[in-house]
Amino acid sequence: MAQVLVIADDLTGSNATGALYARLGLRAVTVGALAQVERYADRVDVLVVNTASRHWPPARAYAAVRDAAGTAGDAPLIVKRVDTTLRGNPGSELDALVEVLAAREPSARIRTLAVPAFPDAGRSTVGGLHLVDGVPLTRTAVANDPFDPVRHSRVAAVLGAQSRRSTDELALDVVERGPDAVAAALRESPAEVVVCDATENAHLRTVAVAAARLAVEDGIRWVALDSGPFGAALADELGLRPAGGPPARILAVVGSVTDRTRTQLTRTETALGARWADLDPAAPDPAAVLAELRAAAGEGATVLGVRVAPEPPATATGSAPVPAPDAAARILRALAEIARRAVIELCPGGLYASGGDVAAAVTSALGADGFAIETEVLPLAIAGHLVGGPHDGLLFATKGGLIGGPDAARDCLEHLRAACTRHTLGPTLSTT
């Protein structure tokens, strides 16, 4: 059975959304015709159904979504994927989806979280208003779209023009107070649909954490209405995993101590639940780091990493401690030893190394002949696999320590996780 059912209204949006779930290690397939929906419903982790209904009249779009959802059957998470600028029939299509689910589960407490923000694409929601690069929808080109002009900037108004569901809004200041505040606000709201403000990926994750908590504690059956990333975050927080087992474990080894790198690693904690063990640069102890990694793996973490702890701050006299002449070499040897032993003990499906010296030291420590290049994740971030030696074929990604924006490390780790899934499940699905 599919873990996630996504109903979308156009092909490019369907595929882009499926890619977000694939980055979580879930096998995603986009289909269109009802015969294909029925064929793949029980054979993938994420079934994305493209109804191609964006430009249809609301009644016809409603019928298309009703038929698709009815044919696909149940899934732990149901998602109505909407256009990033709310064009089309989001209200009527949401009604169809919820009504099919209510008929299938008459005793369920069904509520909808409308979180259309897509921060990486410049889409945000503030004060209930949906913005494109900071500009309200009605002041952008979509207000004059020849097929689907958007008449409202307020998300609740866009939905209300078609939907019979009651709506409420969750303000940004509540989201920024964290999951506890969001969970409390959701409990207090009587609305069937709650529109949540969000301007960055961390906000999406905060709402997802709160929703997952209420799913367990209050038995809420959530439907997500979003443009892609929130549904993926919610799937992750709900603990949805590939049918073949949990996502492959990824090991990361990072030598850079720059502020840019620290920011990137913090993003991996928020987005992926990464667990980092700090290596003391003054007295590197591989055994202590390995013990932390083992403990994190035992607690279910799937993204594990070692990083170099920041140097102590300057003293009261304004002078920072002077590192030993061979400090860098000792740190590099320790990181390589940690990688070697962790690969043997924890059996990761993929390995990420940040920094050229670190990547070279790790490759050598693993006894590899070299690195088979397969793709460029982003400029100066390369993915492929090790060749030669006892770990031949191990998926591997490298990135320069000063390369990329805040999400660069996250992107590399997600690429590895998706690659692990493809490697495990094979390149194709048989249609026989």
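Helices here are DSSP runs of H or I at least four residues long, numbered from the N terminus. That is how I will use a name like α9 this morning. Hello everyone, and one thing before we look around: this is a predicted model.

Let me start with α9, since I have just named it. It covers residues 229-237, and it is mostly covered, with 8 of its 9 residues buried. Which residues are they? The buried ones are P229, F230, G231, A232, A233, L234, A235 and D236. Just after α9 comes G239, which takes a positive phi of about 80°.

Let's stay on α9 for a moment and pick out A233, which lies in that helix. Is A233 buried or exposed? Its relative accessible area is 6%, and the cut-off for buried is under 20%, so A233 is buried. And what does A233 touch, if we leave out residues up to four places away in sequence? The answer is L204, R205 and A208. Take R205 from that list: R205 and A233 are 28 residues apart along the chain, yet their C-alpha atoms are separated by 5.9 Å.

Now let's step back to the whole chain. How many helices and strands are there? The chain has 14 helices and 18 strands. The radius of gyration is 23 Å, close to the 22 Å that the globule rule gives for 432 residues, so the chain is as compact as a globular protein of that length. If you like to think in box dimensions, the C-alpha trace spans about 70 × 60 × 45 Å along its principal axes.

What about the inside and the surface? Buried residues make up 53% of the 432 residues. The chain exposes about 17,700 Å², and carbon and sulfur atoms supply 54% of that area. For contacts with a separation of 6 or more, 74% are between residues 24 or more positions apart.

T17 gives us another buried site to visit. This residue lies in helix α1, residues 11-22. T17 has 1% relative accessibility, and so it counts as buried. Setting aside residues up to four places away in sequence, T17 touches V6, R81, S227 and G228.

Next, a look at empty space. How many cavities of 30 Å³ or more does the count give? It comes to 1 cavity, and the largest cavity has a volume of about 30 Å³. Its lining is made of L5, A69, G73, I78, L97, V100, L101 and R104. By class, that lining has 6 nonpolar, 1 polar and 1 charged residues. Which element gives the most to the lining? That would be helix α4, residues 90-104, with 4 residues.

Let me turn to some backbone angles. Most residues other than glycine have a negative phi. With that in mind, have a look at A52, where phi is near 55°, a positive value in a residue other than glycine. A52 sits in the loop between β3 (46-50) and α3 (58-72). With a relative accessible area of 41%, A52 is partly exposed.

L380 is another one to find on your screen. L380 is not a glycine, but it has a positive phi of about 65°. You will find L380 in the loop between β16 (370-378) and β17 (381-387). At 57% relative accessibility, L380 counts as exposed.

Two more stops and I am done. P146 is in the loop between β8 (135-136) and α5 (155-160). Its relative accessibility is 74%, so P146 counts as exposed. How far apart are P146 and R187 in space, C-alpha to C-alpha? They are 40 Å apart, with their positions 41 residues apart in sequence.

The other stop is A360, in helix α13, residues 356-365. A360 is partly exposed, with a relative accessible area of 48%. From A360 to G370 is 10 residues in sequence and 9.2 Å in space, again C-alpha to C-alpha.

If you keep one picture from this talk, let it be α9, with 8 of its 9 residues buried, and A233 in that helix touching L204, R205 and A208. Thank you for listening!

Terms used. Residues are numbered from 1 along each chain as its sequence is written. This is a predicted model: local features need pLDDT of at least 70, side-chain atom pairs count only at pLDDT 80 or more; totals for chains, interfaces and linings use all residues. Side-chain values use heavy atoms; hydrogens and water are left out. On a 1 Å grid over the protein atoms alone, a cavity is a set of points where a 1.4 Å probe fits but cannot get out, and a pocket is an open set with protein on both sides within 12 Å along at least five of seven lines; lining residues have an atom within 4 Å of a point. Grid points are joined across faces, edges and corners, and a volume is the space filled by probe spheres set on the points. Helices (H or I, at least four residues) and strands (E, at least two) are DSSP runs, numbered from the N terminus. Ala, Val, Leu, Ile, Met, Phe, Trp, Tyr, Cys and Pro count as nonpolar, Asp, Glu, Lys and Arg as charged, and the others, Gly among them, as polar. The radius of gyration is taken over C-alpha atoms; the globule rule is 2.2 Å times the number of residues to the power 0.38. Buried means under 20% relative accessible area, exposed over 50%, partly exposed in between (1.4 Å probe, protein chains only). Contact means heavy atoms within 4.5 Å. Accessible areas come from the Shrake-Rupley method with a 1.4 Å probe; for residues, only the protein chains shown count as cover.
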